[in-house]
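Biologist: I should like to go through this model with you and ask how each label attached to it is justified. Please set every value against its criterion before you conclude.

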Amino acid sequence: MIIFDGVTKRYQDGTVAVDDLSIEVPGGAITVLVGPSGCGKTTSLRMINRMVDATSGRILLGGRDVREIDPATLRRGIGYVIQHAGLFPHRKIVDNVATVPYLLGWNRKKARARAMELIELVGLDPKLATRYPFQLSGGQQQRVGVARALAADPPVLLMDEPFSAVDPVVRTGLQDELLRLQSELRKTIVFVTHDIDEAIKLGDTVAVLHTGGRLAQMAGPATLLSEPVDDFVREFLGRDRGIRRLSFISAKDVRLDPAPADLAVDDDDRPFGLRVDGRLVPYGTFDPESDSMRAALDAALLSPDGTAVAVDGDGRVLGVATREALDAVLRKYAGGLPDQRAPADQGASAGEGAPA
Ligand SMILES: Nc1ncnc2c1ncn2[C@@H]1O[C@H](COP(=O)(O)OP(=O)(O)OP(=O)(O)O)[C@@H](O)[C@H]1O
């Protein structure tokens, strides 16, 4: 766990970047710091690994005040990922990833073997290991940045807008990959972004900061969407709060009716169209086991008759969900939602960079 205890940072010119910030960052989870430009996100992050020292207050890492720990030692135990990856341009990818193991005095063979493991772990083709950073795409470079930060298996990972410089499609892929990695590695991650959609998608907990480095609200993403504490947070969350909350409701409780005879299926029971007036028209599907109500409603809206076709993990028809059946589930959650999104939505995007 990381604790900010009344932390203030005043830069030499008098700018107060962070003002009396007290938050608890839980271990083994992703905590996102989000807020408008200049609200002190980066400063807060850098005070954890002492790239910036707090003016007053304390930051405790595993119960120890970070100011009592030698900065170099501290940083070796904390992975750090930044925008544009910040790779060493004249080092091959494998040697970039092995940076911290080399610093820790590992022999070259062991450090490179570890680097190769990580290159695969972050979903990169091992053949890229012998290239130089300029020979990789932006998204690939960011993956290398994540691999490098993980090389010495640090318990804590600080990520400062790591995916901001890539296009929305690549960005979605990187976000999904981070969630997949985190489900295996369970690091304590502090993630900075100015993008509320990214915050909602990635954060187990989201801290919204005001300009001046003051905490506006810290909560799980579903709570944040359903109960913003004030107008600042409400406006920062933007429109579609209600729709976005649907990502946090599983579709597994939707009542299914038998599929109608006019649903065309192949020999394996996989649907391929709905017969309407002698024509086959497309419709929407969802998987009740892994999809959210957002996906189920999306499927219903895409279907000509307003029902969503439910399929299993192999794409075989399970039945259909009528509007009434979907509505019955929504009514159950009218009062509040769990801060636990449907499994598939942790990785999925509902288009245009939205957090699904
Ligand atoms: N070295 C510095 N000297 C003086 N002021 C600084 C310094 N670094 C940052 N600041 C100021 O502190 C405030 C917070 O900056 P910080 O970079 O932490 O914000 P941020 O929320 O990460 O912003 P962004 O989203 O734009 O990156 C800003 O007003 C910034 O101008």
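**Labels and their criteria**

Biologist: Why is Asp277 called exposed?

Modeller: Asp277 has 6 C-beta neighbours inside 10 Å, so it counts as exposed. The criterion is that a residue is buried if 20 or more other C-beta atoms lie within 10 Å of its own, exposed if 12 or fewer, and partly exposed in between, with C-beta atoms placed from the backbone. Asp277 is found in the loop between strand 12 (271-276) and strand 13 (279-281); helices (H or I, at least four residues) and strands (E, at least two) are DSSP runs, numbered from the N terminus.

Biologist: What should be known about the model itself?

Modeller: It is a predicted model, in which local features need pLDDT of at least 70 and side-chain atom pairs count only at pLDDT 80 or more, while totals for chains, interfaces and linings use all residues. Residues are numbered from 1 along each chain as its sequence is written.

Biologist: What is unusual in the backbone of Asp277, and where else does a positive phi occur?

Modeller: Most residues other than glycine have a negative phi. Asp277, which is not a glycine, has a positive phi of about 50 degrees. Arg186, also not a glycine, has a positive phi of about 50 degrees. Arg186 lies in the loop between helix 7 and strand 8 (188-193).

Biologist: Why is Arg186 assigned to its burial class?

Modeller: Arg186 has 12 C-beta neighbours inside 10 Å and therefore counts as exposed.

Biologist: What makes Ser226 partly exposed, and what makes Val66 buried?

Modeller: Ser226, in helix 9 (residues 221-226), has 19 such neighbours inside 10 Å and therefore counts as partly exposed. Val66 has 20 and so counts as buried. The place of Val66 is in the loop between strand 5 (64-65) and helix 2 (71-76).

Biologist: Which residues is Val66 in contact with?

Modeller: Leaving aside neighbours within four places in sequence, Val66 is in contact with Ile48, Arg50, Ile59, Leu61 and Leu74. Contact requires that the C-beta atoms of two residues, placed from the backbone, lie within 7 Å.

Biologist: How do you know that the buried residues of helix 5 line one face?

Modeller: The buried residues are Ala111, Arg114, Ala115, Leu118 and Ile119. Seen down the axis of helix 5, they fall within an arc of 145 degrees, so they line one face of the helix; the arc is that of the directions from the helix axis to the C-beta atoms. On the other side, Lys109, Lys110 and Glu120 are exposed. The cover over the buried residues of helix 5 includes helix 3 (93-97), helix 4 (99-103) and helix 6 (138-150).

Biologist: How does the span of helix 5 (residues 108-121) agree with expectation?

Modeller: Helix 5 has 14 residues and reaches 20 Å from its first C-alpha to its last, close to the 20 Å expected at 1.5 Å a residue. The expected span is 1.5 Å times one less than the number of residues. Helix 6, with 13 residues, reaches 19 Å, close to the 18 Å expected.

Biologist: Why is helix 6 described as largely enclosed?

Modeller: In helix 6, 11 of the 13 residues are buried, so the helix is largely enclosed by the rest of the structure. Among the elements that cover its buried residues are strand 6 (78-82), strand 7 (156-160) and helix 7 (168-185).

Biologist: What makes a set of residues a nonpolar core, and which members touch the most others here?

Modeller: A nonpolar core is a set of buried Ala, Val, Leu, Ile, Met, Phe, Trp, Tyr and Cys residues joined through C-beta atoms within 7 Å. Of the 91 residues in the largest such core, Ile48, Val97, Ala296 and Ala308 touch the most other members. Helix 12 (residues 293-302) supplies the largest share, six residues.

Biologist: Why is this core said to lie between the domains?

Modeller: Domain 1 (2-247) and domain 2 (263-332) both give residues to this core, so it lies between them. The domain bounds come from an automatic or database domain assignment. The C-alpha centres of the two domains lie 38 Å apart.
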